[in-house]
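User: I have a model open at the bench. Let's go through it by question and answer.

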Amino acid sequence: MMRPGIIYFKYLYYLFYYGSPRKIFNFIINKIEKKLRKSYLNSMPIYAIIGPCDICNLNCPGCPTGTKRSDLIGSKILSFEQFKYIFDQVKKYIFNITLFTFGEPFLNKEIFLMVEYASSNRCGTTTHSNFNIFDETMAENAIKSKLTHIYLSIDGATQGIYEKYRKGGNLSAVFENIKILVKKKKEMKSIFPLLTWKFLYFPHNVHEIKLARQKARKLGVDSFESFPGNLDNVESFGISKFYNLDSGKIKITTTDFCNEIWNDFLVHPDGSVMPCCHGFREKDVFGNVYETSLKEIWNNEDFINLRKMIGTRKIGEFVRYPCAECRIINNLKNYNCNEEVR
């Protein structure tokens, strides 16, 4: 699926309005080091994921927060001061941050302070929301703070289908909130935040994609994207089954390379640093930003070992979680086994 033009427009916006010689130089070095499969990086991440909160108002079955997993690292809300402490360590290098982990970001009352601080420090901001919680004041604050992009998590065009995954969600309220923001953008003559309807498709809702796309256009949403939904709990992402939109069949996608451990990191509100968005348990933690600097964590033993394994395509006996469950690692294990047989 081709990415909509709005995404490329956003990246160009980041480059021209938030770029700097240091960021561009870091970006180039990062790409070179990834191409060369370096395990120790002289470059810093080119973007970051910082979670505003690990609390949610819905109970989606594919989310550890929604299913109230007992091994979840904790339900916490990030303070503005904590955000500044984390963001200040990487603001000279990154073009954009994603303010989203396993929770509803707009439950954090200080989120627009975070967005404004990032914007004032020449950094773009993206978030994902179920958009059940929003109002006119929040719409105005989103525009004033220069929030760049909101992905609207809406997996249906009718309430009955929508609530099968977004349990506890109110689709009518979501549509009204979209109208509020679209209207406010027109009033304030702003193209930001850009709005993308993100539709996770499963066998139960795939037939509503066309209707949802039509609804998105009618509401004034900027773009529409559909993605295969995970049919299992997030814990089993290493062997996840995906519903193929073209064939209508279940399939497993495979790859043997991970961009995340070269490009970015994720920080939860409690300071836990994870290698990617699949980390949510204590055993997935690579370090804590309130105890160790991000620069040190970025090149600690866990990160270096993983880059080395993936870069050389040789998987060791011990692989850190959450990567041990990842299909990339599993695919490389199979690759190594096949090589040994030959």
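**Helix faces and ring contacts**

Analyst: This is a predicted model. Start with helix H8 (residues 209-219): Ile209, Ala212, Ala216 and Leu219 are buried there.

User: How wide an arc do the buried residues of H8 fall within, seen down its axis?

Analyst: The buried residues are Ile209, Ala212, Ala216 and Leu219. They line one face of H8, because seen down the axis they fall within an arc of 85 degrees.

User: Which exposed residues does the face of H8 turned away from its buried side carry?

Analyst: Exposed means over 50% relative accessible area. On the face turned away from the buried side of H8, the residues that qualify are Lys210, Arg217 and Lys218.

User: What covers the buried residues of H8?

Analyst: The buried set includes Ala212 and Ala216. Its cover includes strand S5 (194-201), strand S6 (223-228) and helix H7.

User: Which residue just after H8 takes a positive phi?

Analyst: H8 covers residues 209-219. Just after H8, a positive phi of about 95 degrees is taken by Gly220.

User: Turn to H5. Are its buried residues on the same side or on opposite sides?

Analyst: Helix H5 spans residues 136-144, and its buried residues are Met138, Ala139, Ala142 and Ile143. They cover an arc of only 135 degrees around the axis, which puts them on the same side.

User: Which residue caps the N-terminal end of H5?

Analyst: Look for a side-chain oxygen by the backbone nitrogen of Thr137. One lies 3.2 Å away, and it belongs to Asp135.

User: Which helices are included in what covers the buried residues of H5?

Analyst: The residues to cover include Met138 and Ile143. Thr137 and Lys144 are exposed on the face turned away. Among the elements covering the buried residues are helix H4 (111-120) and helix H7 (171-187).

User: Now the rings. How far apart in sequence are the parts tied together by Phe27 and Phe95?

Analyst: Phe27 and Phe95 pair edge-to-face, 6.2 Å centre to centre with 90 degrees between the planes. Phe27 lies in helix H2 (residues 21-35), and Phe95 in the loop between helix H3 (80-87) and strand S2 (96-98). The pair therefore ties together parts separated in sequence by 68 residues.

User: Is Phe95 buried or exposed?

Analyst: The cut-off for buried is under 20% relative accessible area. Phe95 has 10% relative accessibility, so Phe95 counts as buried.

User: Which ring does the charged end of Lys283 sit over?

Analyst: The charged end of Lys283 is 4.1 Å from the ring centre. That ring belongs to Tyr321.

Technical notes: Residues numbered from 1 in each chain as written. Predicted model: local features only at pLDDT ≥ 70, side-chain atom pairs only at ≥ 80, totals over all residues. Heavy atoms only, no water. Buried < 20%, exposed > 50% of the residue type's maximum accessible area, 1.4 Å probe, protein only. Helix = DSSP H or I, 4+ residues; strand = E, 2+ residues; numbered from the N terminus. Arc of directions from axis to C-beta. Contact = heavy atoms within 4.5 Å. Polar contact = N/O pair within 3.5 Å; in protein donor to acceptor, adjacent residues only side chain to side chain. Phe/Tyr/Trp six-rings, centres within 6.5 Å; stacked < 30°, edge-to-face > 60°. Lys NZ or Arg CZ within 6 Å of the ring centre and 35° of its normal.
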